[in-house]
Amino acid sequence: MFYSQIILAKKGPLGKVWLAAHWGDKKLGRHQIFSTDICSSVESIVNPAVPLALRMSGHLLLGVVRIYSRKVRYLMNDCEEAMVKIRMAFRTTGIGEGGVGETFGVIVDLDPRGA
């Protein structure tokens, strides 16, 4: 085989990437995803210390893509949550002249999609 057991160990430099490639979303938590450095992982795959088989490189790159996808998904969820909180902060309602609730104050549309 064209790889070292040490590289793919759970505590090894590419262990989390290997788990992401083969176990998908089930095995790695949020903390492990964010502790993985994409740049150094790709650098280790492109310029390995020991020779890697092409198939092994493909599996590891799949793991990098899955980790990156999860990071982007977490970022998107955090941004959506922040947008909801910002919208709630700028919306206030009061009682109008007719007793019907009407809005006053600053209402800012922060949705980049325009919806």
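Is Lys85 buried or exposed? Hold on to that one for a moment, everyone, and thanks for coming. What you have up there is a predicted model, so please read everything I say with that in mind.

Back to Lys85. At 54% relative accessibility, Lys85 is exposed, because the cut-off for that class is over 50%. Its salt-bridge partner is Glu81, and the closest N and O atoms of the two are 3.4 Å apart. Glu81, with a relative accessible area of 45%, falls in the partly exposed class. If you trace the chain, you will find both Glu81 and Lys85 in helix H4, four residues apart, or about one turn of the helix.

How many salt bridges does a search of the whole structure find? The count is two. As a reminder, side chains of opposite charge can pair when their charged atoms come close.

The other pair to look at is Arg30 with Asp78, where the closest N and O atoms are 2.9 Å apart. This pair links distant parts of the chain: Arg30 sits in helix H2, residues 30-35, while Asp78 belongs to helix H4, residues 54-90, and 48 residues separate them. And how open are these two? Arg30 is partly exposed at 38% relative accessible area, and Asp78 is partly exposed as well, at 36%.

Now let's turn to the inside. The largest nonpolar core has 16 residues, and those touching the most other members are Leu8, Leu14, Val17, Leu28, Leu60 and Ile67. Which elements give two or more residues to this core? They are helix H1, residues 15-23, helix H3, residues 38-46, and H4. Of these, H4 gives the most, with five residues.

Let me zoom in on Leu60. Leaving aside residues up to four places away in sequence, Leu60 touches Leu8, Leu14, Val17, Trp18, Ile45 and Leu52. So you can use Leu60 as a handy place to centre your view while you follow along.

One last stop, and it is a polar side chain: Ser57, which is found in helix H4. Buried or exposed, then, for Ser57? Ser57 is buried, because its relative accessible area of 14% is under the 20% cut-off. With the same sequence neighbours left out, up to four places away, Ser57 touches Ile45 and Leu52. Both of those names also appear among the contacts of Leu60.

To wrap up with helix H4: Glu81 and Lys85 both lie in it, Asp78 in H4 pairs with Arg30 from H2, and H4 gives five residues to the largest nonpolar core. Thanks, and I'm happy to take questions!

Conventions: Residues numbered from 1 in each chain as written. Predicted model: local features only at pLDDT ≥ 70, side-chain atom pairs only at ≥ 80, totals over all residues. Heavy atoms only, no water. Salt bridge = Lys/Arg side-chain N within 4 Å of Asp/Glu carboxyl O. Buried < 20%, exposed > 50% of the residue type's maximum accessible area, 1.4 Å probe, protein only. Core = buried A, V, L, I, M, F, W, Y, C linked by side-chain atoms within 4.5 Å. Contact = heavy atoms within 4.5 Å.
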